[in-house]
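The following exercises concern a single protein chain. Each sets a task and then works through a solution step by step.

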Amino acid sequence: MRGVVDFVRGLPGSILDALGNLGSLLVDSGRALLQGLWDGISGAIGWLQGKVSGALSSIRDLFPFSPAKEGPFSGRGYTTFSGRALITDFASAIAADGTGAVRVE
């Protein structure tokens with residue numbers, strides 16, 4: 001009977017010994033989990049920034065800043081060229097039908 005009592009009394013200590021340093025293990029695992037999550041988010045921010053930057057660059061290429069690289073304002077569609085063509089067309093139309101112009105004083 002004494003052996004059974006000693007066994008039962010020693011059971012909590014045996015369980016704690018078997019579990020070892022479980023608390024520290026859980027803390028370390030939690031820390032590693034959060035660090036991995038943070039590293040993933042940080043990496044995604046750089047990736048997302050690259051995607052947004054690329055998209056904005058593509059959109060910017062459509063606008064006639066100096067001349068556009070794509071779209072209707074690119075190449076000969078740039079405002080300098082289209083403005084010259086517009087003036088030339090106005091002048092040609094006036095010259096072709098100058099008799100229709102009326103001088104008002």
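**Exercise 1.** Identify the side chains that meet in a salt bridge, and describe their setting in this predicted model.

*Solution.* Step 1: the side chains of Arg31 and Asp28 meet in a salt bridge, with 3.4 Å from N to O. The criterion requires a side-chain nitrogen of Lys or Arg within 4 Å of a carboxyl oxygen of Asp or Glu, and the count by this rule comes to one salt bridge.

Step 2: both Arg31 and Asp28 belong to helix H2, where they are three residues apart, about one turn of the helix. An α-helix has 3.6 residues a turn, so residues three or four places apart point the same way.

Step 3: exposed means over 50% relative accessible area, and partly exposed means between 20% and 50%. Arg31, at 53%, is therefore exposed, whereas Asp28, at 41%, is partly exposed.

**Exercise 2.** Determine whether the span of helix H1 agrees with its number of residues, and locate any kink in H1.

*Solution.* Step 1: helix H1 covers residues 2-19, which is 18 residues. At 1.5 Å a residue, H1 should span 26 Å.

Step 2: the end C-alpha atoms of H1 are 26 Å apart, so the two values agree.

Step 3: H1 nevertheless has a kink of about 40° at Leu11, shortly before the proline Pro12.

Step 4: after H1 comes Gly20, which has a positive phi, near 60°.

**Exercise 3.** Describe the nonpolar patch on the surface and state which helix gives the most to it.

*Solution.* Step 1: the patch is formed by Val4, Phe7, Val8, Leu11, Ile15, Leu16, Leu19, Leu22, Leu25 and Leu26, which together have about 970 Å² of accessible area.

Step 2: H1 and helix H2 (22-60) each supply at least two residues of the patch. H1 gives the most, with seven residues.

Step 3: take Leu22 as a check. Leu22 is located in helix H2. Patch residues need over 30% relative accessible area; the value for Leu22 is 36%, so Leu22 is partly exposed.

**Exercise 4.** Summarise the fold of the chain, its surface and the confidence of the prediction.

*Solution.* Step 1: the chain has three helices and zero strands, in the pattern α-α-α along the sequence.

Step 2: of the 105 residues in the chain, buried residues make up 3%. The accessible surface comes to about 9,000 Å², and 67% of this belongs to carbon and sulfur atoms.

Step 3: the chain has a mean pLDDT of 78, with 81% of its residues reaching 70 or more. Among the elements, the lowest mean pLDDT is that of H1 (76) and the highest that of H2 (86).

Terms used: Residues are numbered from 1 along each chain as its sequence is written. This is a predicted model: local features need pLDDT of at least 70, side-chain atom pairs count only at pLDDT 80 or more; totals for chains, interfaces and linings use all residues. Side-chain values use heavy atoms; hydrogens and water are left out. Helices (H or I, at least four residues) and strands (E, at least two) are DSSP runs, numbered from the N terminus. The expected span of a helix is 1.5 Å times one less than its number of residues. The bend at a residue is the angle between axes fitted to the seven residues ending there and the seven starting there. Patches are made of residues with over 30% relative accessible area and no salt bridge: like charges are joined within 9 Å, nonpolar side chains (Val, Leu, Ile, Met, Phe, Trp, Tyr) within 5 Å. Accessible areas come from the Shrake-Rupley method with a 1.4 Å probe; for residues, only the protein chains shown count as cover. Buried means under 20% relative accessible area, exposed over 50%, partly exposed in between (1.4 Å probe, protein chains only). pLDDT is the predictor's confidence in each residue, from 0 to 100.
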